[in-house]
Amino acid sequence: MTLLICVFAAIIATVKWYQRKDDSMMPGVPCVLFWGASLMWLGDAIFEYAELGAEYFTPAAEDMLNDAFLGLSVVALGLILWLVILLIKDPKGVVKASLRKKAASK
């Protein structure tokens, strides 16, 4: 489930990246994050399948729910990381302008 959620997030991020006309919001960052997470979960799935065999394809409902929460947490963490990178790099100068306005009003 984590693999599926990360792959879907990677596909959506990649489509959005291709649709963008400008790169000011750095849409490539979530693409790299989510494709990297997808590769990590793919490796995990391969090793888990090697360990469990055919049982891998019949997980318990509780395991699927836990994996879904983990996948959503990974996507949320990736989006938070992208937001932090945007705030630090400030590609449109919004944070810098806001800080200047706040300093000028004091």
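Me: What makes the contact of Asp22 and Arg20 a salt bridge?
Reply: The rule asks for a side-chain nitrogen of Lys or Arg within 4 Å of a carboxyl oxygen of Asp or Glu. In this predicted model, the side chains of Asp22 and Arg20 meet at 2.9 Å, N to O. That fits the rule, so the pair counts. By this rule there is one salt bridge.

Me: What do these values rest on?
Reply: The model is predicted: local features need pLDDT of at least 70, side-chain atom pairs count only at pLDDT 80 or more, and totals for chains, interfaces and linings use all residues. Residues are numbered from 1 along each chain as its sequence is written, and side-chain values use heavy atoms, with hydrogens and water left out.

Me: Why is Asp22 called partly exposed?
Reply: Buried means under 20% relative accessible area, exposed means over 50%, and partly exposed lies in between (1.4 Å probe, protein chains only). Asp22 has 35% relative accessibility, so it counts as partly exposed. Arg20 also has 35%, so Arg20 counts as partly exposed.

Me: Why is Leu4 called partly exposed?
Reply: Leu4 has 48% relative accessibility, so it falls in the partly exposed class. Leu4 sits in helix α1. Helices are DSSP runs (H or I, at least four residues), numbered from the N terminus.

Me: What makes Leu4 part of a nonpolar patch?
Reply: Patch residues have over 30% relative accessible area and no salt bridge, and nonpolar side chains (Val, Leu, Ile, Met, Phe, Trp, Tyr) are joined within 5 Å. Leu4 is grouped with Met1, Phe8, Ile11, Val15, Trp35 and Met64. Together they have about 640 Å² of accessible area. Helix α1 (residues 2-19) gives the most, with four residues.

Me: How do you know that the buried residues of α1 line one face?
Reply: The buried residues are Thr2, Ile5, Cys6, Ala9, Ala10, Ala13 and Thr14. Seen down the axis, they fall within an arc of 165 degrees, so they line one face of the helix. The arc is that of the directions from the helix axis to the C-beta atoms. The face turned away carries the exposed residues Phe8, Ile12, Tyr18 and Gln19.

Me: Why is Met26 called buried?
Reply: Its relative accessible area is 18%, so Met26 is buried. Met26 lies in the loop between α1 and α2. Its phi is near 55 degrees, a positive value in a residue other than glycine.

Me: Why is Asp90 called buried?
Reply: Asp90 has 17% relative accessibility, so it counts as buried. Its place is the loop between α3 and α4 (94-105). Phi of Asp90 is near 50 degrees, a positive value.

How values were computed:
Patches are made of residues with over 30% relative accessible area and no salt bridge: like charges are joined within 9 Å, nonpolar side chains (Val, Leu, Ile, Met, Phe, Trp, Tyr) within 5 Å. Accessible areas come from the Shrake-Rupley method with a 1.4 Å probe; for residues, only the protein chains shown count as cover. Helices (H or I, at least four residues) and strands (E, at least two) are DSSP runs, numbered from the N terminus.
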